[in-house]
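Got the viewer open and a hand on the mouse? Let's walk through this one stop by stop, picking out something to select each time.

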Amino acid sequence: MSRGLSLPGSILGALILKPELLELSDISGNDFPSGRLRETFSKIAELWEDGRPKSIDPILLSEKIKGDGAAAFVAGLIDGNIRLDFESFRGRIFELRRKALRIRALVELQKVLHEEEKTGEVDPESFARARESFRLLEELSGIAGAGDPARLLKTGEELQAFDIRIEWLIRGLVPADSITLLPGRGGIGKTWAALEIGKAVSRGRDFFDLSTLPRPVVYIDFENPLPVLVERIKALEISDVLFWTSAIDPRPPKIDSAGFELYKRLPAGALLIFDTLRSAHDGDENDSREMALVLGRLKELRDSGFSLLLLHHSPKSSDRVSRGSGAITDLADHILSLYRVRQGTFEMIEEETLPGPDDLFRLGTGEKTRFEPAQIFLKRSSFGGFSPAEDPDGELLSLISDHLRGQGEPINQTSIIEWAKTGLEVRKRAKVSALLRKGEGRLWTSRKEGVRRIYELI
């Protein structure tokens, strides 16, 4: 497309260079504004019908267009234009129609307002035409550039050929390019945990003993007073995380507001941490339709290449579930939970008392995940954050490591499961599989060989 060429002009230029696009698409003169653009389209169509040329002769076209400067006008249409393929061309037609509909809708609305100002009444027919124009505009906006869905479908064989794999910002806890929800009751330490997650990912350093994938991190804080946030940032020595708080002008926009688009301008591929989900929108968290809108917009961010961590409140009845509409959990990809556990048994503590300095906490997969389940155990640090606590599976993981080391060579999963019945006194296959996933990337690695999975020590 030539420099500064308008959308209708770029379409006409493409038709001059590749007039068979006329036959492949359903474009017509009605898609162009009145005047020279519409006339030019009409003459291109006539020349195409006359002889089906491979391209339109610009000199001949100039002679058919009325008015001065026709030759320069045609030259401007094709100067630097690209030979569009069909799908790209149809996408431009959608854009052209959307612009034309937007103009028509605004004109119709202006007529309604003018009539109301003049007579004090609204003409039902004029109002109906304006409403229909806006309806068509909304409908067309939803399918603009979509093309033929059948041309976009992929077979399972084609998808298997894609070089795509699940990536983790924090191994087993926070998947990349996904929406992760972290519910928990007030005072449990969600903000501390999120800040430490952000710190680890921004630096690409281990989150306790879990490996990380370095990404930019933006912490969007709707909840905490700035002095409290700054105090925690100092305590954790956070230096690389970017913060957008309510104390910054302009304030971070609500997810369900018109300003939502600003989030798409944040650093590409960043982890966006929202503290909290409830404060980040103005909807009713118990209304499934309103929450579907909020989560739908968050999915837009996810599909734009962002990863999201949403801090959320849990009901008083349980720290393991999310508060509000079921749409919140239904539309999230991965749910974590953070709650206190008892010393020794590591069972959940249900009491509503505030956490004490000696309490233990479990951070791990909650009520739903599209990925693998995982968990770690933490305790409060002296400065207010968290530090690693003894893992109740630590001894079993150590015994598996010893067994792998004693084999002298990699062994398959079935062999480990059979050994575990006596070596670990663990007879449930699911438990052994969970232990193997837990140590993956930390104590050992695995790979597929045919139908078997092979394990070896790191």
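First, a word we'll need straight away: a residue is buried when its relative accessible area is under 20%, exposed when it is over 50%, and partly exposed in between (1.4 Å probe, protein chains only). The model is a predicted one, so local features are taken at pLDDT of at least 70 and side-chain atom pairs at pLDDT 80 or more, while totals for chains, interfaces and linings use all residues. Numbering starts from 1 along each chain as its sequence is written, and side-chain values use heavy atoms, with hydrogens and water left out.

**The whole view**

Show everything as a cartoon. You have 16 helices and 14 strands in front of you. Helices (H or I, at least four residues) and strands (E, at least two) are DSSP runs, numbered from the N terminus. The protein has 458 residues, and 44% of them count as buried. Now think about contacts, meaning heavy atoms within 4.5 Å. Among those between residues at least 6 apart in sequence, 67% join residues at least 24 apart.

**Stop one: helix α1**

Select residues 7–17, which make up helix α1. How many of the residues of α1 are buried? The count is 11 of the 11, so α1 is largely enclosed by the rest of the structure. Colour them if you like: L7, P8, G9, S10, I11, L12, G13, A14, L15, I16 and L17 are the buried residues.

Now add helix α3, residues 36–51. The axes of α1 and α3 come within 11 Å and cross at roughly 15°. Axes here are lines fitted to C-alpha atoms, for helices over the stretch in contact, and angles run from 0 to 180 degrees between N-to-C directions. That makes α1 roughly parallel to α3 (angles under 35 degrees count as roughly parallel, over 145 as roughly antiparallel, 65 to 115 as roughly perpendicular and the rest as oblique). Turn on side chains to find the contact: α1 brings P8, G9, L12, L15 and I16, and α3 brings L37, T40, F41 and I44.

**Stop two: the sheet of 9 strands**

Next, pick out the open sheet of 9 strands, in the order β5-β4-β6-β7-β3-β8-β9-β10-β11 and with mixed pairing. Two strands pair if DSSP finds at least two bridges between them. The edge strands are β5 and β11 (386–388), each pairing on one side only. Neighbouring strands in this sheet are turned by 25° against each other on average, direction ignored.

Zoom in on β3 (residues 179–184) and β8 (residues 334–341), which run parallel and are joined by 2 bridges. L181 stands opposite I335 in β8. Then show helix α10, which lies across β3, β4, β5, β6, β7 (307–313), β8 and β11 and runs at about 170° to β7.

**Stop three: the β5 edge**

Select 217–221 and 242–245: these are β4 and β5, parallel strands joined by 4 bridges. The bridge partner of V218 in β5 is L242. Bring in helix α11 (residues 226–236), and β4, α11 and β5 make a right-handed β-α-β unit. Right-handed means that, with the strands pointing away from the viewer, the path from the first strand over the helix to the second runs clockwise.

**Stop four: some unusual backbone**

Most residues other than glycine have a negative phi, and most peptide bonds are trans. Here are some exceptions to click on.

- F208 has a positive phi of about 60°, and sits in the loop between α10 (190–203) and β4. F208 is partly exposed, at 23% relative accessibility.
- E237 has phi near 55°, and belongs to the loop between α11 and β5. E237 is exposed, at 58%.
- D249 and P250 are joined by a cis peptide bond, with omega about 5°. Find P250 in the loop between β5 and β6 (271–275).
- D275 to T276 is also a cis peptide bond, with omega near -5°. T276 is in the loop between β6 and α12 (288–303).

**Last stop: the sheet of 3 strands**

Finish with the open sheet ordered β12-β14-β13, whose pairing is antiparallel. Which strands stand at its edges? They are β12 (411–412) and β13 (444–449), each with a single partner strand, so one side of each is left without a neighbour in the sheet. Between β12 and β14 (residues 452–457) there are 2 bridges, and N412 has I454 of β14 as its bridge partner.
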